[in-house]
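Student: Could you take me through one part of this model in detail, namely how its aromatic rings are arranged, and then set beside that the helix and strand that you find worth a careful look?

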Amino acid sequence: MKQYNINDTLYQLNDNIITDPHLVQRGIAESAYAMRWICDNHSWVYPIFDFDGNVVTHRGKRYPDKDGKKYFWVPGKQGAIYYHHPQIAKHVADNNGILYIANGEPSVLAYHAAGIYNTLSWFGESSIPMTLAEDLNTLGVKQVIYAPDNDNAGLKSAIKLRDTLYGTGIELTALDIFAHVDNKGDTNDLWIALDFDPDRFIDTLSNCPSLVLPVYDPPKQVTYDYGLQADDRDELIEEVAKALGVWGQPQTNDGWTRKPFSSPFREDRHPSAGFNFKTGVMNDFGDTSYSVHQLAEYFGIEYTESTPKVHHTKDL
């Protein structure tokens, strides 16, 4: 029997995953085995890959939940943004730039079981990565197909995904699978309802009506007329970034932090704030934003300049 070393912990790597009753019931046991899932002490542990196919960390899921803590990371979440096949870039290219978005790892495996490997999910249905559009462009994605869960949270995630991709050139097709699954049902439930039949699964997705979403409402923007010279402004942004603990972190082409961080304004169990190194604006949870001046005042960072002119703002 082979052993699998993860963070100096040895796990048993064997064929038992294929007969795991929880995964068999959901029709994803063989897909889990192909994606190197392993069972150990009432939990599953599986690798998380980057777009180049490298393992960046491992995630675990307990069954049943232990003290309400379903998921854990081995050794930590570092570098983990998406769950997908290690050759995701190839599968997107082979399908002319089409990418399916799933609501979580089991649904990704359901797509795999149906032969659809150009699929990914992130960790938490509503926790859309701030770098999503840039990351999808890296993969060469031209169209995203998303069948959200049959509940209010699923609808909200579809709206949020639409808003995130708006204006990026990436087409979004949101599918209404609600006629095929029960309340709160997802694509793994659809896979079950269709008796694990790949042809029926693909045909059903192909013929699902589009999900009707509310009209796009552009977010209000905050722009400031700085009274500082460029060098002084950059220095203020640097000092604020250091106070936030994000100075030196990787950033996107338009200046945003690649990884979310914890907001200083609230207890943040799941980091969701982002900072722009070019503008000094921090986006907090939801629609809340703070200017570099507000952040400087919060951290007690002194600066001398004329009062910034607010051209167009939203509620802070």
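Tutor: In this predicted model, a search of the whole structure finds 15 aromatic pairs. One of them is formed by tyrosine 46 and tyrosine 83, whose ring centres are 5.6 Å apart and whose planes meet at 70°; because planes over 60 degrees apart count as edge-to-face, this pair belongs to that class. The two partners come from distant parts of the chain, since tyrosine 46 sits in strand β4 (residues 43–49) and tyrosine 83 in strand β7 (residues 82–84), 37 residues apart. Tyrosine 46 has a relative accessibility of 1% and therefore counts as buried, the cut-off being under 20%, and tyrosine 83, at 0%, counts as buried as well. Another pair, phenylalanine 275 with phenylalanine 277, has ring centres 5.5 Å apart and planes at 85°, so this pair too is edge-to-face, and both of these phenylalanines are buried.

Beyond these pairs, Tyr100, Tyr111, Trp191, Phe196 and Phe201 make up one aromatic cluster. A ring can also have a charged partner, as with tyrosine 71, where arginine 59 lies over the face of the ring at 3.8 Å from its centre.

Turning to the helix, α6 covers residues 152–165, and its 14 residues, at 1.5 Å a residue, should span 20 Å, which agrees with the 20 Å that separates its end C-alpha atoms; the expected figure is obtained from one less than the number of residues. The buried residues of α6 are Gly154, Ser157, Ala158, Ile159, Leu161, Arg162 and Leu165. In reading such a list, it helps to recall that an α-helix has 3.6 residues a turn, so residues three or four places apart point the same way. The buried residues of α6 pack against β8 (98–101), β9 (119–122), α5 (132–139), β10 (143–146) and β11. Just after α6, glycine 167 adopts a positive phi of about 80°.

Strand β11, one of the elements against which the buried residues of α6 pack, spans residues 171–174 and includes threonine 173. Threonine 173 has a relative accessible area of 18%, and because buried means under 20%, this residue is classed as buried. When its neighbours within four places in sequence are left aside, threonine 173 is in contact with Gln143, Val144, Ile145 and Tyr146, and residues 143–146 are those of strand β10, which is likewise among the elements that the buried residues of α6 pack against.

Note on methods: Residues numbered from 1 in each chain as written. Predicted model: local features only at pLDDT ≥ 70, side-chain atom pairs only at ≥ 80, totals over all residues. Heavy atoms only, no water. Helix = DSSP H or I, 4+ residues; strand = E, 2+ residues; numbered from the N terminus. Buried < 20%, exposed > 50% of the residue type's maximum accessible area, 1.4 Å probe, protein only. Contact = heavy atoms within 4.5 Å. Phe/Tyr/Trp six-rings, centres within 6.5 Å; stacked < 30°, edge-to-face > 60°. Lys NZ or Arg CZ within 6 Å of the ring centre and 35° of its normal.
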